[in-house]
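Reader: Please take me through one part of this model at close range. I would like to see how two helices pack.

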Amino acid sequence: MLKHVTVLGSAALTVFLSTAATAQDEVTADTVVATVGDTEITVGHLIIARGQLPQQYTQFPNEVLFDGLVDQLIQQQLLADQLETVPPGIEVSLQNERRSMMANEVITDISTDAVTEEAVQAAYDERFADIEDVIEFNASHLLVETEEEANAAKQRIDDGGAFADVARDVSTGPTGPNGGNLGWFGPGAMVPEFETAITSLEAGQVSDPFETQFGWHVATLNEERVQAKPTLEDMRRQLVGELQEAAVTARLEELAAGATVVKPEAGDFDPNIIEQIDLLELE
């Protein structure tokens, strides 16, 4: 049943609207739910108003929202009718809003057409077909200044000393206090000499002393793991976004090439004019 607003419209129109509202199977976006003078408020208006509500309001049941939105649109129309002359700012805002909404509609169409399962698979294959799984290493090391100190540290470990304890005792590197643990790292993360020493070890083995630009090291490989390349599902969201962006960009370039577009030359306008809100005020 239509909520009757007695100050707005005739009894005959009210009966008509009430009858129409009961025929739910005939309701369309153009179905009138209220009037303010000669202005009609339709189901379409309510649908759009519902979609523009702040998130905190969407938790209310539709029964509450329906009445509230009808009242809101009626009140807005009552106030809008008092405006005898539409300010230029409103007209320009409506033009911008219309342009933006129409552009977004086209973007949606382009984006939808660009994303097919075949396109996503092809994009994934192009990026990852030649990429192999990566082996990552978890290692510890100790760092000293001389070869003699490194040999002495290695001997302590060979004699049964725990690598972490020896590293805490002698290492001058920043990881010394935590037993020399370097955490996980992949190929290319360390200087070449260090990577060569680590990749030549089996888990649990301790290297002979070796030198890098930082000093003398003794290292041990704690464990290694395979860092598999991401799956298509891991990458789907990113690939979809890239496909959509590329499709929109290509379409824009095509449209720009076929249109006459005139842009201002440098110096034609003072950039500060974008803040001159007074230009939109009525004279």
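Author: Here is a look at one helix pair, followed by one strand residue.

This is a predicted model, where local features need pLDDT of at least 70, side-chain atom pairs count only at pLDDT 80 or more, and totals for chains, interfaces and linings use all residues. Residues are numbered from 1 along each chain as its sequence is written, and side-chain values use heavy atoms, with hydrogens and water left out.

Two packed helices are described by the angle between their axes and the distance between the axes. Take helix α4 (residues 88-114) and helix α9 (residues 232-257). Their axes come within 8 Å and cross at roughly 125°. Axes here are lines fitted to C-alpha atoms over the stretch in contact, and angles run from 0 to 180 degrees between N-to-C directions. Helices are DSSP runs (H or I, at least four residues), and strands are runs of E of at least two, numbered from the N terminus. The angle makes α4 oblique to α9. Angles under 35 degrees count as roughly parallel, over 145 as roughly antiparallel, 65 to 115 as roughly perpendicular and the rest as oblique.

Now the residues. From α4 come I107, I110, S111 and A114. From α9 come L243, Q244, A247, V248 and R251. Contact means heavy atoms within 4.5 Å.

Next, T220 in strand β6 (residues 215-227). T220 counts as buried, because its relative accessibility is 7%; buried means under 20% relative accessible area, exposed over 50%, partly exposed in between (1.4 Å probe, protein chains only). A polar atom of the T220 side chain lies 2.8 Å from the backbone oxygen of Q205. Not counting residues up to four places away in sequence, T220 touches residues including A139, F163 and Q205.

Terms used
A polar contact is a pair of N or O atoms within 3.5 Å; within protein, one must be able to donate a hydrogen and the other to accept it, and residues adjacent in sequence count only if both atoms are side-chain atoms.
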